[in-house]
Amino acid sequence: MIEFFYETNFKIEEESKWKNWIKNSVLQQGFQTKEINYIFSDDEYLWGINIDFLSHDYYTDVIGFQYTNGKELSGDIYISIERVKDNAQQLSVSFEDELARVMIHGILHFMGFRDKTENEISEMRKAENQYLQIFKESN
């Protein structure tokens with residue numbers, strides 16, 4: 001089950017399209033979605049989580065807390081809509097594309113992808129781009 005929650009005025013249109021894309025992406029990696037919650041917020045909300053739970057005093061676009069058991073993915077993915085908008089502008093991409101990238105980024109972490117070393121970052125970007133392309137083609 002994939003659920004969307006909103007701590008800001010933002011709301012995803014056509015939620016089922018996004019949920020199907022995430023679910024199918026997870027299946028392609030050999031996993032299943034058990035319970036994935038996306039919580040969309042503003043910078044201040046996510047900054048508070050970053051400080052309180054990770055002791056990081058900076059803004060970020062996505063934070064995930066996973067409760068995955070084997071191949072069944074479960075967890076909460078917090079996304080700052082303000083960061084996504086700023087990132088999209090800085091990267092000269094659409095807001096929707098950047099939102100999809102951040103959403104799949106959180107899921108990829110739940111599936112074991114990391115992004116600390118150059119090699120890990122390269123693998124993460126490759127997977128993000130693969131699923132972003134599938135998202136674009138489905139629209």
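This is a short talk through one protein chain, from its overall fold down to a single leucine.

Okay, hi everyone. First thing to keep in mind: what you're looking at is a predicted model.

Let's start with the fold. We've got 5 helices and 4 strands in this chain. If you walk along from the N terminus, the order goes β-α-β-α-β-β-α-α-α. The chain is as compact as a globular protein of 139 residues, because its radius of gyration is 14 Å and the globule rule gives 14 Å for that length, so the two are close. If you'd rather picture a box, the C-alpha atoms fill one of roughly 35 × 30 × 30 Å along the principal axes.

Now, inside and outside. Of the 139 residues, 44% are buried. On the outside, about 7800 Å² is exposed, with carbon and sulfur atoms supplying 46% of that. As for charge, I count 25 negative side chains and 14 positive ones, and the centres of those two sets sit 6 Å apart.

How do the parts of the chain meet? Take the contacts with a separation of 6 or more: 62% of them come from residues 24 or more positions apart.

Let me zoom in on one residue, Leu132, which you'll find in helix α5, residues 118–137. Is Leu132 buried or exposed? Leu132 counts as buried, because its relative accessibility is 12%, and the cut-off for buried is under 20%. And what does Leu132 touch, leaving out residues up to four places away in sequence? That would be Trp21, Asp97, Ala100 and Arg101. With Asp97, the gap is 35 residues in sequence, yet C-alpha to C-alpha it's 7.1 Å from Leu132 in space.

That's my tour, thanks!

Methods. Residues are numbered from 1 along each chain as its sequence is written. This is a predicted model: local features need pLDDT of at least 70, side-chain atom pairs count only at pLDDT 80 or more; totals for chains, interfaces and linings use all residues. Side-chain values use heavy atoms; hydrogens and water are left out. Helices (H or I, at least four residues) and strands (E, at least two) are DSSP runs, numbered from the N terminus. The radius of gyration is taken over C-alpha atoms; the globule rule is 2.2 Å times the number of residues to the power 0.38. Buried means under 20% relative accessible area, exposed over 50%, partly exposed in between (1.4 Å probe, protein chains only). Contact means heavy atoms within 4.5 Å. Accessible areas come from the Shrake-Rupley method with a 1.4 Å probe; for residues, only the protein chains shown count as cover. Lys and Arg count as positive and Asp and Glu as negative; His and the chain ends are not counted. The place of a charge is taken as NZ of Lys, CZ of Arg, CG of Asp or CD of Glu.
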